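Here is a friendly walk through one fold, with the core and the largest pocket as our two stops. Have the 3D view open as you read.

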Amino acid sequence: MWNSSGGDGYYVGVFKNKTLGLYTMHATEKKDLVLVKCTDEIIVFNCKKRDELVEYTKEKLKNK
């Protein structure tokens, strides 16, 4: 079972496609998207400073 709301200005809910399967999306636009794969779920959201967020996260994970 999955629910989604998508339209002008927002994408919120659980979506499904062939590549990702089921995933949760919280986005106001379909650009600058970040995909986070957890053990039991996939979360997609948008972030205007996506590249900075990815680099920051990589550094934090490398230092663990």
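Which residues make up the largest nonpolar core? Keep in mind that this is a predicted model. The core has seven residues: Tyr 11, Phe 15, Tyr 23, Met 25, Ala 27, Ile 42 and Val 44. Strands β2 (10–17), β3 (21–27) and β5 (42–46) each give two or more residues to this core, and β3 gives the most, with three.

Tyr 23 is a good residue to click on next. Beyond its neighbours within four places in sequence, Tyr 23 touches Gly 13, Val 14, Phe 15, Lys 16, Asn 17, Ile 42 and Val 44.

Now turn to Val 36, which sits in strand β4 (residues 33–37). Is Val 36 buried or exposed? Val 36 counts as partly exposed because its relative accessible area is 30%, between the cut-offs of 20% and 50%. The C-alpha atoms of Val 36 and Tyr 23 are separated by 9.8 Å, with their positions 13 residues apart along the chain.

The contacts of these two residues, leaving aside neighbours within four places in sequence, compare as follows.

| Residue | In contact with |
|---|---|
| Tyr 23 | Gly 13, Val 14, Phe 15, Lys 16, Asn 17, Ile 42, Val 44 |
| Val 36 | Glu 41, Ile 42, Ile 43, Phe 45 |

Val 36 also helps line the largest pocket, together with Val 34, Leu 35, Phe 45, Leu 53, Val 54, Thr 57, Lys 58 and Leu 61. Both β4 and α1 (50–62) give two or more residues to this lining, and α1 has the largest share, five residues. By class, the lining has seven nonpolar, one polar and one charged residues. The space in the largest pocket is about 170 Å³.

Note on methods. Residues are numbered from 1 along each chain as its sequence is written. This is a predicted model: local features need pLDDT of at least 70, side-chain atom pairs count only at pLDDT 80 or more; totals for chains, interfaces and linings use all residues. Side-chain values use heavy atoms; hydrogens and water are left out. A nonpolar core is a set of buried Ala, Val, Leu, Ile, Met, Phe, Trp, Tyr and Cys residues joined through side-chain atoms within 4.5 Å. Buried means under 20% relative accessible area, exposed over 50%, partly exposed in between (1.4 Å probe, protein chains only). Helices (H or I, at least four residues) and strands (E, at least two) are DSSP runs, numbered from the N terminus. Contact means heavy atoms within 4.5 Å. On a 1 Å grid over the protein atoms alone, a cavity is a set of points where a 1.4 Å probe fits but cannot get out, and a pocket is an open set with protein on both sides within 12 Å along at least five of seven lines; lining residues have an atom within 4 Å of a point. Grid points are joined across faces, edges and corners, and a volume is the space filled by probe spheres set on the points. Ala, Val, Leu, Ile, Met, Phe, Trp, Tyr, Cys and Pro count as nonpolar, Asp, Glu, Lys and Arg as charged, and the others, Gly among them, as polar.
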